[in-house]
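Reader: I am new to this structure. Please show me how to read a few of its features, one at a time.

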Amino acid sequence: MPADAVPAQPGTRGLAVTGLVLLLLLGVFYVYGAVSDLVSLAARNLPADHQGTFARLTGSSFSQVKTASPGIASYITVGERGYALHELTFALLFIALIAIPFRRRQRWAWWAAWLPMIANLGYTLTFGRHDHTILARSLIADIALPVLLIAHIPAFFGQNRAERHSGHSPVTA
C-alpha cells in the first residue's frame, strides 16, 4: 500500500464505489464537452455552447462573421480547436487520476482532483456569465466536483488510529 493511501473504512465500500462512479461520469461529461466542440469545429461551426457568448460579445452570429471576415473566423476556429484539445487532454487525465490513484485512496490524488475547478470556474465566468443556458449547465460541474470530493473526505482522511496501523488495503472499486 502506498505511504499516503488510506485504508478502507468498514461498511463504506458501496459509498466508495458510488462516489467513484459519479466522479468518472463527471470525467465523461468533460470528455463529451470537448468532443462535441471538436465535432462542431470539424463542421466549420462554432461550438453550440459558445455561440450565445459570441453573439452577445460581438453583436453578430458566427455565420455572419464567417461571411464578412473569413480570416478572423478562421483564427477563432483555430483558437477554439486548441481550447477543445486542451479540454480533452485534461478530461482524460482527470479520468486516469480518478480510476487509478484516487481509487487507491492516495491522498495526493484527492488534492489533485480539485484542479479541474480552475477550468470549471473559468468556463462559468468566461461563457456562463454571458449566456444563462450555459451558466445553468456549467454549474453542474461547479457544484458536483466539490460535493463529490468533500463526500470523499472520510475515505481519505477519516481514519482512527487502529485502522491507520492495521495494514488494510484500500477499497479498489
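**Reading single residues and a pocket**

Author: This is a predicted model. Start with a position: His130 sits in the loop between α6 (116-128) and α7 (132-151).

Reader: Is His130 buried or exposed?

Author: Buried means under 20% relative accessible area. His130 has 16%, so it counts as buried.

Reader: Which residues does His130 touch, not counting residues up to four places away in sequence?

Author: Those are Thr53, Arg56 and Leu57. Sequence distance and spatial distance are separate readings: His130 and Phe54 are 76 residues apart in sequence, yet their C-alpha atoms are 8.8 Å apart in space. There is also a polar contact, at 3.3 Å, between the side chains of His130 and Arg129.

Reader: What should I look for at a charged residue such as Asp37?

Author: Look for a partner of opposite charge. Asp37, in helix α1 (residues 13-42), is buried yet has no salt bridge. The nearest side chain of opposite charge is Arg137, 9.2 Å away; a salt bridge needs a distance within 4 Å, so this pair does not qualify.

Reader: Which residues is Asp37 in contact with, leaving aside its neighbours within four places in sequence?

Author: They are Pro47, Asp49, His50, Tyr83, Ala84 and Glu87.

Reader: What is the volume of the largest pocket?

Author: About 910 Å³. The pocket is lined by 31 residues, of which Tyr30, Tyr83, Glu87, Ala119 and Asn120 are the closest to its centre. To read a lining, ask which elements supply it. Here α1, α2 (48-58), α4 (70-102), α6 and α7 each give at least two residues.

Note on methods
Residues are numbered from 1 along each chain as its sequence is written. This is a predicted model: local features need pLDDT of at least 70, side-chain atom pairs count only at pLDDT 80 or more; totals for chains, interfaces and linings use all residues. Side-chain values use heavy atoms; hydrogens and water are left out. Helices (H or I, at least four residues) and strands (E, at least two) are DSSP runs, numbered from the N terminus. Buried means under 20% relative accessible area, exposed over 50%, partly exposed in between (1.4 Å probe, protein chains only). Contact means heavy atoms within 4.5 Å. A polar contact is a pair of N or O atoms within 3.5 Å; within protein, one must be able to donate a hydrogen and the other to accept it, and residues adjacent in sequence count only if both atoms are side-chain atoms. Lys and Arg count as positive and Asp and Glu as negative; His and the chain ends are not counted. On a 1 Å grid over the protein atoms alone, a cavity is a set of points where a 1.4 Å probe fits but cannot get out, and a pocket is an open set with protein on both sides within 12 Å along at least five of seven lines; lining residues have an atom within 4 Å of a point. Grid points are joined across faces, edges and corners, and a volume is the space filled by probe spheres set on the points.
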